[in-house]
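I sat down with this one to go through its packing, its charged pairs and its cysteines. Here is my notebook, in the order I looked things up.

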Amino acid sequence: MSGMRRRDFLGRGALAVIPLLGWRAAQDTSVARLPQPELAGRPQGPVTDYQNDPFIIGVERRLRCTCGCNLDIYTCRTTDFTCTYSPELHREIVAMVQQQMTGEQIVAAFVTKYGEQALMAPPKEGFNWAAYLLPGIVITLVGTVITWVLLRRQRMAAAVAADAPPPPGLSVDEDARLRAALDRLES
Amino acid sequence: MTVLGQLALWLALLLGVWGAVVGWMGGQRGDPVLIRSARRTTFALAGLMSVAALGLVVALLKNDFNVSYVASYSSRNLPTAYKLSAFYGGQAGSLLFWGLVLSLFAAAAQALTPRRYAYLMPYVAAVTSVVTVFFVSVTLFAANPFSRLDFVPLDGRGLNPQLQNPGMVIHPPMLYLGYISITIPFAFAVAALLTRRLDVGWLHAIRKWTLLSWVFLSIGITLGMWWAYVELGWGGYWAWDPVENASFMPWLTMTAFLHSVMIQEKRGMLKRWNVILVGLSFALSIFGTFITRSGVISSVHSFAQSPVGNFFAWFLIIGGVFMGWLTWSRWDLLKSEARLESALSREASFFFNNLLLVGMSFSVLWGTVFPMISELVRGSQVTVGPPFFNQVNIPIGLALLGLTGIGPLIAWRKASPGHLRRQFLVPVAVALATAGILAAVRLSDVYAGMALVLAAFTTATIGQEFYRGIGARHRLHGENYALAFARLVGRNRRRYGGYIVHLGIVVYFVAFTGQAFKTEMEASLKPGESVVMRSPYGEELTFTHLGVSQYEALNRFVSAASVEVTRNGRQIGVLTSEKRQHVDSFGRPTFEPSTEAAIRSDLREDLYVVFAGSVDGTEEAVYKFTINPLVMWVWLGGAILTLGGVVTLWPGGGPSDRTLRRAMEGYQAHLVEEAAS
C-alpha cells in the first residue's frame with residue numbers, strides 16, 4: 001500500500017518537473033524522472049546484450065577486477081554497482097570481443113597489461129604448480145603412511161593374538177569362544 | 001569515563017603480568033596463597049576489562065567525538081544498536097572486545113571448572129593472563145580506542161553502511177567468542193603439559209569449552225555467510241576471502257580435535273596429536289586475527305593496515321616456539337596407551353577424518369598465503385581466488401562427506417565382515433538409488449551429483465543409527481517412538497548430538513550443490529516492462545518492474561525499486577531492492593551508496609534482486625536478477641548443526657563423576673607403578 005502511495009506521489013512530482021526538462025527532448029519522456037536522481041546510486045546506462053553474454057561473463061569470471069576487491073570482473077561489476085573499475089574493464093573486454101579475439105587471447109592480453117595478478121587463479125605453470133599440488137601431495141603421502149602403519153599394526157596385533165596362550169584357567173576352546181563373544185560385543 | 005577506561009587498561013596490564021607470574025609460581029611451588037592470588041587475578045582482570053569496555057561504550061553512546069575512535073566509527077544519527085556494534089566495528093575497539101571476552105572466559109573457567117582439576121588451574125590462570133596481557137598491550141601501544149583528537153568534530157564519520165545490518169551486530173561477536181574461547185582449551189593443554197598430568201583429565205575439563213568454541217565458531221561463520229549474502233549484494237555467501245578462510249581454518253582443526261579426542265578418551269591413543277591440534281587451533285585463531293589486522297593479505301573485510309600486525313607476528317612466533325618446546329619435552333609422556341588393532345575400525349576412520357580435516361585446513365592456509373609465498377619466491381604476486389579454492393577443496397570436502405557417513409558405521413577396535421555388511425547394506429542401497437535418480441534426470445554437474453549421492457548415503461547412515469536406537473528402546477522398554485527418540489538423544493547426548501551435527505553438515509553440502517545451478521541476468525526495465533528467466537526446475541519466472549520511489553529514513557536517503565514476480569503466470573509477490581545513500585546529521589552524504597538486495601526464499605530457491613541504479617535519472621531501473629537454488633538449506637544446515645552442538649553441550653551428557661573418579665584413580669595407580677618401576 002505504502003509503496004503505491006509513494007509511487008503515485010513520485011509520479012505527480014515527476015509530472016510537475018517535466019516542463020523543466022524540456023531541454024532533454026532526445027530522452028524518452030514516457031519514463032518519469034526521479035526527484036533526486038543523484039541519490040539513487042551511480043548513473044546507469046541501459047543494459048546491453050554484452051552484459052548478459054555467457055562468453056563474456058565466462059571470460060570476466062577468469063579475470064580479477066583491479067579495484068582491490070579480490071572479486072572477478074563480472075562479480076564486481078554486478079555487486080553493489082558502485083565500482084568504477086569493473087565497468088571499464090567490461091568495456092575493454094567487449095571491445096576485444098568485437099575485434100574477434102578468442103577467450104584465451106583476451107585473458108592473455110589482460111595478463112600482458114595488468115600482470116599475472118589479473119588472473120583469478122594462478123596459471124598452472126612453473127612454481128604455481130606448488131599451489132595446486134602440495135595439499136593433494138601432503139594428504140596423499142600422509143594417508144599412505146597412515147594406511148601402511150595401520151596395516152602393519154593390524155598384522156602385528158593378529159600375530160600377537162595368534163601366538164598368545166590362553167589366559168590361566170581357560171582352555172583353548174573357551175578362549176576362542178571368549179574372543180568371538182568380545183568381537184561380537186564390540187562390533 | 002574514557003580516562004577511567006584508559007586507567008583500567010593500564011591496571012589490567014600490570015595485573016595480568018602479576019597473574020601470569022603468580023600462576024606460574026603457584027603451580028610450580030604448590031603454594032595455596034599464590035594459587036589463590038592467581039585465581040583472584042583472573043576475576044579482577046575481568047572486572048578491569050569490563051570497566052575499560054564500559055568506558056568505550058559510554059563514549060559511543062554519548063557521542064564523545066573528541067575520542068578518535070568514536071569520531072571514526074559513529075555519528076549522531078547512527079541508530080543505538082549500531083552505536084553499540086561500532087564498539088567492535090573498528091580495529092582498536094575489536095581488540096578491546098577480544099581482551100574483554102577473553103578475561104570473562106578466563107574468569108568463567110576459574111569459577112566453573114570442577115575442583116578435581118584444581119591442579120591445572122594456576123597454570124590455566126597464568127596462560128590466560130599472558131594472552132590477556134598481549135591483547136591489552138596491543139590495545140595500549142598500537143591501537144588505543146581511547147586516544148583523543150586535538151579538536152572536537154561536530155559529528156562523526158559514522159559506521160560503514162555495510163556494517164549497519166542486524167547480521168553484523170551479532171556475527172562478529174559470535175566469531176570472536178569462537179576464536180577467543182579456543183584460548184581456554186589451549187590454556188588447559190599447556191597446564192596439562194606443565195604439570196605432566198596428561199591423562200584424560202584435562203580433556204574432560206575442556207570438553208564443554210571445546211564444544212562451546214566450536215558452536216560459536218559455527219554460528220559466527222554461518223552468520224557471516226548470511227551477512228555477506230543479504231548485505232553485499234553479489235548473490236553468494238562464500239568467496240574464499242582471506243578473512244573467511246581465517247575463520248574456517250580453526251573450525252576445521254577444532255572439528256578434527258572433537259573427533260580425535262574420542263580416541264584418546266576411549267583408547268588412550270593420539271595424545272600427542274590432540275595436544276598439537278589444540279595448539280594449532282589456538283595458533284590459527286591468532287593467525288586469523290593477524291590476517292585481518294596486519295594488512296599483509298588484501299581482503300574486503302580487513303581492518304586498515306596498522307602496526308598491530310607486528311605484535312601478532314611476534315606473539316605467534318614466541319607462542320609457537322614455546323608450545324613446540326613444551327610438547328617436545330613431554331613427548332614420552334604423551335605415548336599412546338593402546339595400539340591400533342585393525343585398519344577397519346572406528347579409530348582408523350577417525351585417523352583419515354583428521355587427515356582430511358587438517359589437510360583441508362592446510363590447503364586453505366596454503367592458498368591464503370600463496371600470494372605472499374609467490375612474491376617471496378618469484379618476486380611477483382598472484383591472485384588465489386575462488387576458482388583455485390574450489391578446485392583444490394571440493395574433492396577433499398566430498399571425501400570428508402563420505403567419511404562422515406562411513407565413520408559411524410564401523411565398530412571400535414575391529415570390524416568384522418558380517419558387521420560391515422549389516423551396517424553398509426541400506427546406506428549403500430540408498431546412495432545407489434539416488435545415483436540412479438540423478439542419472440535419470442540427467443544432472444549435468446559431476447561434483448553436485450557426487451555431493452548428492454554422498455549426502456544420501458550419509459543421511460541413510462544417520463537415519464539407520466536413529467532407527468535402530470529408537471527401535472531398540474521401543475522393544476526393550478515399550479516406549480512409544482517419540483519418547484524413545486527423546487530418551488535416546490537425552491541419554492546419549494554426545495553420540496546423537498554428533499549425528500545431528502553430521503546431518504547439519506549433509507544439509508550444508510546439499511545447499512552447496514545449488515551453486516552449480518545458479519542463474520543470473522541483468523536487465524534495464526521501464527515501469528511495466530518485464531523480463532523472463534527460466535529456473536533450474538524448468539519454471540518460468542517473470543519479473544515486472546513497478547517503479548522507483550525515493551524517501552528519507554533514519555540516517556539515510558532511500559531509492560527503492562520494486563518488481564512483481566510471477567511463477568508460471570501465478571503471482572508470488574513483490575520484491576523491493578534499495579539503494580541507500582547514508583547521510584550525517586547535517587544531511588551530508590557519507591560513504592558510497594550501498595545496496596539492499598530483495599530476497600524471496602523458499603526451500604527450492606531464492607529469488608535475489610538487486611537494484612543497480614536508474615537510467616538517466618529516470619524510473620527506468622537497472623536490475624540484476626539471480627535465481628539461487630537451495631540457499632535456504634545453508635541457513636537450515638547452520639541451524640541443525642548448532643542444534644546438534646547444543647544437544648552435545650547440554651549438561652549431563654558427559655561421563656559421570658564416578659566414571660571420572662575411577663579413571664583418575666586408575667591413572668594415578670598407573671603413575672605410581674611407573675614411578676616404582
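The entries below run from the chain contact to the cores, a helix, a buried asparagine and the cysteines.

**Entry 1: what I am looking at.** I am working from a predicted model, so I read every value here as computed from it.

**Entry 2: where the chains meet.** I started with the contact between chain A and chain B, which bury about 6300 Å² between them. Carbon and sulfur atoms account for 60% of that area. Chain A puts 65 residues into the contact and chain B puts in 81 residues.

**Entry 3: charges across the interface.** I looked for salt bridges between chain A and chain B and found three. In one pair, Glu520(B) meets Arg61(A) at 2.7 Å, N to O. In another, Glu522(B) meets Arg77(A) at 2.6 Å. That second pair runs from strand β1 of chain B (residues 519–525) to helix α3 of chain A (residues 73–77). Are its two partners buried or exposed? Glu522(B) is buried, because its relative accessibility is 2%. Arg77(A) is buried too, at 6%.

**Entry 4: charges within a chain.** Over all chains I count 24 salt bridges. Helix α4 of chain A (residues 85–98) holds both Glu88(A) and Arg91(A), three residues apart, about one turn of the helix. Their closest N and O atoms are 3.2 Å apart. Glu88(A) is partly exposed at 40%, and Arg91(A) is partly exposed at 49%.

Lys113(A) and Glu92(A) also pair, at 3.2 Å, N to O. This bridge joins distant parts of the chain, with Lys113(A) in helix α5 (residues 103–114), Glu92(A) in helix α4, and their positions 21 residues apart. Lys113(A) is exposed at 54%, whereas Glu92(A) is buried at 18%.

In chain B, I noted a network of salt bridges that includes Glu539(B), Arg567(B) and Asp602(B).

**Entry 5: the nonpolar cores.** The largest core has 183 residues, and Phe87(B), Trp202(B) and Phe312(B) are among those with the most contacts inside it. Helix α9 of chain B (residues 201–231) gives the largest share, 18 residues. I then picked out Phe312(B), whose contacts beyond its sequence neighbours include Leu95(B), Phe134(B), Phe135(B) and Ile286(B). A separate core of 22 residues includes Val531(B) and Leu607(B).

**Entry 6: helix α1 of chain B.** This helix covers residues 2–29 and reaches 40 Å from first C-alpha to last, close to the 40 Å expected. Its buried residues include Gly5(B), Gly16(B), Gly19(B), Gly23(B) and Gly26(B). What do the buried residues pack against? They pack against α2, α5 and α6 of chain B. Just after the helix comes Gly30(B), with a positive phi near 70°.

**Entry 7: a buried asparagine.** Asn354(B) lies in helix α13 of chain B (residues 346–378). It is buried, with a relative accessible area of 3%. Its contacts beyond nearby sequence neighbours include His259(B), Ser260(B) and Trp273(B).

**Entry 8: the cysteines.** How many disulfides does the whole structure have? My search found zero. The sulfur of Cys69(A) is 3.4 Å from that of Cys67(A), its closest, so the two are too far apart for a bond. Cys69(A) is buried at 11%. Cys83(A) is in no disulfide either, with the sulfur of Cys76(A) nearest at 3.6 Å. Cys83(A) is buried at 15%.

Methods
Residues numbered from 1 in each chain as written. Chains lettered and ligands numbered in written order. Predicted model: local features only at pLDDT ≥ 70, side-chain atom pairs only at ≥ 80, totals over all residues. Heavy atoms only, no water. Core = buried A, V, L, I, M, F, W, Y, C linked by side-chain atoms within 4.5 Å. Buried < 20%, exposed > 50% of the residue type's maximum accessible area, 1.4 Å probe, protein only. Helix = DSSP H or I, 4+ residues; strand = E, 2+ residues; numbered from the N terminus. Contact = heavy atoms within 4.5 Å. Expected span 1.5 Å × (residues − 1). Disulfide = S-S within 2.5 Å. Buried area = accessible area lost by both parts, 1.4 Å probe. Salt bridge = Lys/Arg side-chain N within 4 Å of Asp/Glu carboxyl O. Lists of a residue's contacts leave out its neighbours within four places in sequence.
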